[in-house]
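Ready for some practice in reading a structure? Take a look at the picture below, then work through the exercises one step at a time.

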Amino acid sequence: MTDSQPRPFKQACQDYFAAVQLDEQELKQLHKRFQSVPEAVSNATEAPQRHRQDNKEQTIQRRMWLGLAATLCAFALVLWHNLPMQSTTALNLAQLIADEVVANHRKLKPLEVQGQELKLVRGYFRQLSFQPIDSAQLQQWQLTGGRYCSIQGVDAAQLRYTDSEGGLSTLYQIALPTGWGKELFAERAAPAVMLYSAGYRVRIWQEKGLLLAQVTAD
């Protein structure tokens with residue numbers, strides 16, 4: 001058999017692979033490259049997953065804090081709404097009333113009805129649940145008129161008086177709210193409570209089922 005004759009196919013394949021066979025160093029480099037491919041693919045795949053997981057956890061935490069804040073706000077609103085009587089008891093209801101009536105007295109807002117006789121002035125206060133009374137404690141004072149007002153959020157009649165020396169006094173009358181009598185007058189021997197606020201004297205007492213508070217200059 002001469003060189004010009006074609007080689008069998010099997011022999012040709014063996015000769016070809018023998019010619020392109022890699023040495024040991026080349027095989028190590030190729031193996032190293034193949035090992036780095038799965039790691040790179042894994043990192044590229046896991047990065048978005050970790051990012052989504054972090055975002056999910058942050059969203060859950062944010063919702064938890066928002067829910068807690070909303071709960072605390074709701075609790076504070078409920079507590080504030082139910083505090084008036086407890087807070088006034090704790091802070092001394094009598095002094096709160098004294099401070100409020102003195103502040104109103106000092107404003108000297110215009111009278112809504114004028115008159116020197118209570119039976120004529122009384123008819124103006126039809127929106128109240130009671131009729132203002134002619135107190136026996138104000139015999140030396142002359143009525144000049146009145147207007148609507150409120151004490152601690154309770155509708156009241158505000159009556160203005162003068163004395164023979166030109167002194168000015170304001171009398172406030174309200175229907176005695178439940179519990180106020182106990183808070184104001186319990187454990188007090190005197191029939192009236194005497195307080196001071198901003199240089200004015202305030203006397204608070206009960207009469208004919210009403211609570212009366214009189215402001216005069218000290």
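A residue counts as buried when its relative accessible area is under 20%, as exposed when that value is over 50%, and as partly exposed in between. Keep in mind that this is a predicted model.

**Exercise 1.** Decide whether Phe125, Tyr124 and Trp65 are buried, partly exposed or exposed.

Solution.
- Step 1: Phe125 has a relative accessible area of 3%, and the limit for buried is under 20%, so Phe125 is buried.
- Step 2: Tyr124 has 32% relative accessibility, so Tyr124 is partly exposed.
- Step 3: Trp65, with 61% relative accessibility, is exposed. You will find Trp65 in helix α2 (residues 24-81), where Trp65 joins Leu68 and Leu72 in a nonpolar patch on the surface.

**Exercise 2.** Classify the aromatic pairs that Tyr124 forms with Phe125 and with Tyr148.

Solution.
- Step 1: Planes over 60 degrees apart count as edge-to-face, and planes under 30 degrees apart as stacked, with the rest tilted.
- Step 2: Tyr124 and Phe125 have 80 degrees between their planes and 5.4 Å from centre to centre, an edge-to-face pair.
- Step 3: For Tyr124 and Tyr148 the planes are at 45 degrees and the centres 5.3 Å apart, so this pair is tilted. Tyr124 lies in the loop between α5 (118-121) and β2, and Tyr148 in strand β2, 24 residues apart.
- Step 4: Put together, Tyr124, Phe125 and Tyr148 make one aromatic cluster.

**Exercise 3.** Which element supplies the largest share of the largest nonpolar core?

Solution.
- Step 1: The largest nonpolar core has 21 residues, including Ile97 and Val101.
- Step 2: Its largest share, six residues, comes from α4.

Methods. Residues numbered from 1 in each chain as written. Predicted model: local features only at pLDDT ≥ 70, side-chain atom pairs only at ≥ 80, totals over all residues. Heavy atoms only, no water. Patch = residues over 30% accessible without salt bridge, like charges linked within 9 Å, V, L, I, M, F, W, Y side chains within 5 Å. Areas by Shrake-Rupley, 256 points an atom, 1.4 Å probe, with all protein chains shown as cover. Salt bridge = Lys/Arg side-chain N within 4 Å of Asp/Glu carboxyl O. Helix = DSSP H or I, 4+ residues; strand = E, 2+ residues; numbered from the N terminus. Buried < 20%, exposed > 50% of the residue type's maximum accessible area, 1.4 Å probe, protein only. Core = buried A, V, L, I, M, F, W, Y, C linked by side-chain atoms within 4.5 Å. Phe/Tyr/Trp six-rings, centres within 6.5 Å; stacked < 30°, edge-to-face > 60°.
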